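Please open the structure in your viewer and keep the selection panel at hand. The tour proceeds from one selection to the next.

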Amino acid sequence: MQRTETDHQHLARAIELAALGAGRVHPNPVVGAVVVKDDVVLGEGHHAEFGGAHAERAALAACGDADTRGATMYVSLEPCCHHGKTPPCTDAIVEAGIKRVVVASDDPSEKASGRGLGILRDEGIEVDVAGGELAARARLQNQAFRKHARTGRPWVLFKSAMTLDGKVATRAGDSKWISSVESRELAHWWRASVDAVAVGIGTALADDPQLTARIERAVRQPQRVVFDSTARLPLTSALVAGVPEVPLTVVVSRAAPRTATAALQTAGVDVITAAGENAPARVRSALTALGERGVASILLEGGPKLAGAFLDAGEIDEIRLFLAPIVLGGRSARDPLEGEGVESISDALRALTLETERVAGDVLISARLREW
């Protein structure tokens with residue numbers, strides 16, 4: 001069936017509603033739904049928290065006593081058809097007498113992947129799957145969910161702050177602070193929106209960070225991950241000290257001393273031994289292990305060696321760089337990415353999208369490298 005401008009309007013509203021669940025529904029995707037009959041909106045809803053009603057059931061509940069028979073439901077993600085924390089949304093749609101369902105994006109997970117839409121069609125419900133700009137917007141809302149469902153590995157956002165000459169630290173290693181207070185506050189919001197924050201052992205030793213989201217109204221704290229090949233993270237570090245409240249995972253190589261890894265485990269640290277002959281291979285191994293632990297999204301905060309290994313492994317999905325109005329100079333000042341890289345420009349990874357915005361005195365450059 002040909003979609004109308006009204007369809008576009010209501011489906012865009014469902015996508016807008018879905019965004020309200022960001023950071024609150026892990027490991028589920030964000031979803032929004034709108035129920036319309038005779039050009040009147042009967043109810044709206046979104047998946048507000050993990051374990052709570054899904055968007056479709058929330059929207060139907062918002063309809064109250066209104067007659068939903070013959071209505072159209074607009075939903076940002078295909079309805080679920082399996083039992084989880086809540087019953088299948090396909091059952092609720094059928095019971096409500098919905099005549100038509102317009103969906104913005106597919107669900108790539110094994111439990112769904114078109115099954116819900118098939119059930120609705122079998123029940124005589126007209127199903128219309130959107131394409132174009134609305135479908136792209138809906139997919140982008142759930143990149144972490146989609147990558148984890150397809151690959152088993154978490155979606156990775158690399159964040160860094162650099163100077164006008166592309167440096168992230170002076171030759172002496174000083175990096176506090178390149179970006180503005182406002183930029184750093186925004187980065188804390190990003191921490192609160194992901195499952196985990198990752199750094200290398202160099203950053204952990206130099207800064208002794210907490211890696212928590214230090215902002216008001218943070219819904220949850222991200223798990224902390226330290227890539228530490230030889231298990232050098234001190235038991236007296238702020239990261240280990242925070243283990244009772246916030247989980248900490250240390251990724252080591254097979255070269256790590258058993259006494260050191262055992263001491264970390266005794267302190268309550270989850271230790272992953274990553275396999276592989278080089279840093280990129282160990283990154284992929286670690287991401288697979290983290291994905292198996294339910295981590296679907298990671299904010300990668302550095303340092304340059306670790307970020308380079310992630311890039312060489314092909315595991316950076318999005319980059320956000322704060323460009324500060326300062327210049328460092330110096331041949332030995334640090335670059336944001338220090339992996340092997342490529343030998344020719346033709347082999348360079350080209351961004352799918354590029355956006356810029358001002359954040360106080362800085363410029364934020366956002367580049368999406370992959371779409372899932």
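In which helix is the place of Arg146? Select helix H6, residues 143–151, of this predicted model; Arg146 is located there. With a relative accessible area of 2%, below the 20% limit, Arg146 counts as buried. Next, display the residues around its side chain. Beyond the residues up to four places away in sequence, Arg146 touches Asp106, Pro108, Arg139 and Trp372. A polar atom of the Arg146 side chain lies 2.9 Å from the backbone oxygen of Asp106.

Now select Lys37, which belongs to strand S1 (residues 32–37). Setting aside neighbours within four places in sequence, Lys37 is in contact with Leu42, Asp67, Arg69 and Ala71. A polar atom of its side chain is placed 2.9 Å from the backbone oxygen of Arg69. Arg69 also forms a salt bridge with Asp67, where the closest N and O atoms are 3.0 Å apart. Of this pair, Arg69 is exposed at 58% relative accessible area, while Asp67 is partly exposed at 36%. For a view across the model, add Glu301: its C-alpha is 48 Å from that of Lys37, and the two residues are 264 apart in sequence.

The next selections concern further salt bridges, of which the structure holds 21. Select Arg100 and Glu126, whose closest N and O atoms are 3.5 Å apart in a salt bridge. Arg100 lies in strand S4 (residues 100–103) and Glu126 in strand S5 (residues 126–129), so this pair ties together parts 26 residues apart in sequence. Arg100 is buried, with a relative accessible area of 7%, whereas Glu126 is partly exposed at 30%. Extend the selection to Asp7 and Asp128, which are linked with Arg100 and Glu126 in a network of salt bridges.

Move on to Asp335 and Lys167, which form a salt bridge with closest N and O atoms 2.9 Å apart. Asp335 is in the loop between strands S12 (318–323) and S13 (353–359), and Lys167 is in the loop between strand S6 (155–162) and helix H7 (181–193); the pair therefore ties together parts 168 residues apart in sequence. Asp335 is partly exposed at 31%, and Lys167 is buried at 13%.

Finally, select helices H11 (residues 279–292) and H12 (residues 304–312), whose axes come within 8 Å and cross at roughly 80°. H11 is therefore roughly perpendicular to H12. Ala279, Pro280, Val283, Arg284 and Leu287 of H11 meet Ala309, Phe310 and Asp312 of H12 in this contact. Six of the contact residues are nonpolar, two are charged and none is polar.

Methods
Residues are numbered from 1 along each chain as its sequence is written. This is a predicted model: local features need pLDDT of at least 70, side-chain atom pairs count only at pLDDT 80 or more; totals for chains, interfaces and linings use all residues. Side-chain values use heavy atoms; hydrogens and water are left out. Axes are lines fitted to C-alpha atoms, for helices over the stretch in contact, and angles run from 0 to 180 degrees between N-to-C directions. Helices (H or I, at least four residues) and strands (E, at least two) are DSSP runs, numbered from the N terminus. Angles under 35 degrees count as roughly parallel, over 145 as roughly antiparallel, 65 to 115 as roughly perpendicular and the rest as oblique. Contact means heavy atoms within 4.5 Å. Ala, Val, Leu, Ile, Met, Phe, Trp, Tyr, Cys and Pro count as nonpolar, Asp, Glu, Lys and Arg as charged, and the others, Gly among them, as polar. A polar contact is a pair of N or O atoms within 3.5 Å; within protein, one must be able to donate a hydrogen and the other to accept it, and residues adjacent in sequence count only if both atoms are side-chain atoms. Buried means under 20% relative accessible area, exposed over 50%, partly exposed in between (1.4 Å probe, protein chains only). A salt bridge is a side-chain nitrogen of Lys or Arg within 4 Å of a carboxyl oxygen of Asp or Glu.
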